[in-house]
Amino acid sequence: MKISILGDIALDKSVNTTNAVSEALVDRIVIANLEGPIKSDFSAAIKTGPTLGSDLQPLKELLSDLNVSVLMCANNHIGDYGEQGIEYTYNQLNLLDIDSFGYKSKVFKWLEDSNGKAPNIQIINMCDVEWGTDRDFYNGAISFDFSKLNNAINLSDKNSFRIVVLHDGKEYHELPSPELRKLCHNIIDMGVDVIICQHSHVVGYVEMYKNAKIYYGTGSFCLEKKGPMSNKIYNSISVNIDLDQDFNPYISETFFVNKNGAIDVSKPTKLKDLKDLKMEDYKEYWDNEFKKKSYLYVGVLMGHSNKMIRILNSLGFYKLIMSKRGLRKIKNVVRSRAHREYITNMKL
Ligand SMILES: [Fe+2]
């Protein structure tokens, strides 16, 4: 069985794909992340951050060009048009004969082998808790928690090959944060064979942990949006998992580039591997990042817009109004489970 897992897809106009793209995905089970629902005349959900979604016709064309048969929906945008958007997306995908999961309580999917034997390949899809997850409404994107993962794993048998696609990570960072890395290690310890993290929009580092491979970011395969994002160049990879009869994996990557809305296969680049990075450099990277963002997050916690935060932070406003004691108070409230519960259950 040959599986290819692609990065984020959301588009509002047609895109061209080259023959090389189709050829790279032919005769494979192609699975992609649908970063937002199929749009109709529903109102956008009340939330923070951008609203994403795809128009049906260009999406249909792209999925057919790519040979996609399964879409993953555990992400921070699938609920951008509320529950109605999710229901509409699910029904439209059914009409297109495309299986979707990662929402509507569908935590995982079996990828049955062509011989019709017992289903032994399990793909599990979960995301970080943001808007539109099952914490907001029942049919929302599957938010990560260990009990759901454990339940899914318990339904498989010891010979199963398990893939977890986790929509989590810090946007535009190639390196996983220490907490994400620890989370992925814990997931592998539970018996998962491959983890693919998505959401960062960039192709990230890879890591081998106890014979299991972790991808920390596959990039955005096709994230078209009118306005400032329309001319962005997106680099992405598909993770190709070829399994023999005994489910021994051969794992490789295909590299893609999306330039001005046209997608092509690009030259293979060596993925950066965490083993080649000195751990003191890794620690320093995150120490600097956390230091850089400490006061900036005061603006986030005050509910300021991103533009306002940029301006006020550059003027040193947050440093001026927030003492170190104040920062300590915020840190304690957010890291404590008991305190955090009050924040995540704010009644709006
Ligand atoms: Fe995302």
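**Notebook: overall fold and the surroundings of Leu111**

I began with the secondary structure of the protein chain, which comes to 11 helices and 15 strands. I then looked up the radius of gyration, which is 20 Å, close to the 20 Å that the globule rule gives for 348 residues, so the chain is as compact as a globular protein of that length. I note here that I am working with a predicted model.

For the extents, I took the C-alpha trace along its principal axes and found a span of about 65 × 45 × 40 Å. I next checked how the chain is divided, and found domain 1 at 2-276 and domain 2 at 295-344, with 32 Å between the C-alpha centres of domain 1 and domain 2.

Turning to packing, I found that buried residues make up 38% of the 348 residues in the protein chain. Among contacts with a separation of 6 or more, I found that 66% are accounted for by residues 24 or more positions apart.

I then went to a single site, Leu111, which I located in the loop that runs between strand 6 (108-110) and strand 7 (121-127). Is Leu111 buried or exposed? I counted 20 other C-beta atoms within 10 Å of Leu111, and because 20 or more are required for a buried residue, Leu111 is classed as buried.

Finally, I listed the contacts of Leu111, leaving aside its neighbours within four places in sequence, and obtained Met1, Ile3, Ile29, Ile121 and Ile123. For one of these, Ile29, I also looked up the C-alpha separation from Leu111, which is 8.6 Å, although the two residues are 82 residues apart along the chain.

Conventions:
Residues are numbered from 1 along each chain as its sequence is written. This is a predicted model: local features need pLDDT of at least 70, side-chain atom pairs count only at pLDDT 80 or more; totals for chains, interfaces and linings use all residues. Domain bounds come from an automatic or database domain assignment. Helices (H or I, at least four residues) and strands (E, at least two) are DSSP runs, numbered from the N terminus. The radius of gyration is taken over C-alpha atoms; the globule rule is 2.2 Å times the number of residues to the power 0.38. A residue is buried if 20 or more other C-beta atoms lie within 10 Å of its own, exposed if 12 or fewer, and partly exposed in between; C-beta atoms are placed from the backbone. Two residues are in contact if their C-beta atoms, placed from the backbone, lie within 7 Å.
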